[in-house]
Amino acid sequence: MKNDLNALYEEYGRYIYHLCLKLTRNKEEAEDLMQDVWVKVVRYSGEMSEVNRMKAWLTTICMNTFRDRYRKNVRQSQYVMNQPDTLDVPILDLVPSNAKTPAELMEQSDISELVQQKISELDGIYRKTIEYFYVNQYSLVEIAGLMSVSIGTVKSRLFRAKKYLKELLVQDEAAEEYVMA
């Protein structure tokens, strides 16, 4: 029987792995699922002699195992969401948040003010190019039309403006911690 299982694995192992990978879309989960599938195959190996289409039988085991794992995960997540009131830590405190902290908001505001101040110190054409592109969000074509220059000139001015802006920020001691980070 061991030789039968080895031959079965040699013939269908890659197929089952790729099916598991397609179902889970994650290498580690696919490997876990494949292991569960082969455990079931070993468990039901006594019934293999009655199987007419081996590939279909293995596919069915794989699909059912995937569904069982999915249902189990859903039940567990529902259980976690229905937490008892006596839990010391609220579940929402355990969920990561994308919201910025007050300190991050303050830092973002400081950086914004600093950059706006330094933009105002740029020469006219560079300041205007930066404002058109980043503040008004015009395309390069639109900026070229507004300034009556070629797109290449707009790109050059934008490149130089960013370079000069960075130099101004690096020279400013207040901005040093933001620029160097």
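**Exercise 1.** Let's start with the order of elements: work out how the elements of the chain run from the N terminus on.

*Solution.* Step 1: read the elements from the N terminus, which gives α-α-α-α-α-α-α-α-α. Keep in mind that this is a predicted model. Step 2: count by type; the secondary structure comes to nine helices and zero strands.

**Exercise 2.** Decide whether tyrosine 132 counts as buried or exposed, and find its contacts beyond its neighbours within four places in sequence.

*Solution.* Step 1: place the residue; tyrosine 132 lies in helix H6, residues 124-135. Step 2: recall that buried means under 20% relative accessible area. Step 3: tyrosine 132 has 15% relative accessibility, so it counts as buried. Step 4: leaving aside neighbours within four places in sequence, tyrosine 132 touches Gln137, Tyr138, Ile143, Leu146 and Met147. Step 5: for a distance, go from C-alpha to C-alpha; tyrosine 132 and leucine 158 are 9.9 Å apart in space, with their positions 26 residues apart in sequence.

**Exercise 3.** Find out which residues form a negative surface patch with Glu104, and classify glutamate 104 by its accessibility.

*Solution.* Step 1: the patch consists of Glu104, Glu107, Asp110 and Glu113. Step 2: glutamate 104 belongs to helix H5, which covers residues 102-120. Step 3: partly exposed lies between the cut-offs of 20% and 50%. Glutamate 104 has 40% relative accessibility, so it counts as partly exposed.

**Exercise 4.** Now describe the whole chain: what share of its residues counts as buried?

*Solution.* Step 1: of the 181 residues, 24% count as buried. Step 2: turning to the surface, the chain exposes about 13,600 Å², and carbon and sulfur atoms supply 51% of that area.

Terms used:
Residues are numbered from 1 along each chain as its sequence is written. This is a predicted model: local features need pLDDT of at least 70, side-chain atom pairs count only at pLDDT 80 or more; totals for chains, interfaces and linings use all residues. Side-chain values use heavy atoms; hydrogens and water are left out. Patches are made of residues with over 30% relative accessible area and no salt bridge: like charges are joined within 9 Å, nonpolar side chains (Val, Leu, Ile, Met, Phe, Trp, Tyr) within 5 Å. Accessible areas come from the Shrake-Rupley method with a 1.4 Å probe; for residues, only the protein chains shown count as cover. A salt bridge is a side-chain nitrogen of Lys or Arg within 4 Å of a carboxyl oxygen of Asp or Glu. Lys and Arg count as positive and Asp and Glu as negative; His and the chain ends are not counted. The place of a charge is taken as NZ of Lys, CZ of Arg, CG of Asp or CD of Glu. Helices (H or I, at least four residues) and strands (E, at least two) are DSSP runs, numbered from the N terminus. Buried means under 20% relative accessible area, exposed over 50%, partly exposed in between (1.4 Å probe, protein chains only). Contact means heavy atoms within 4.5 Å.
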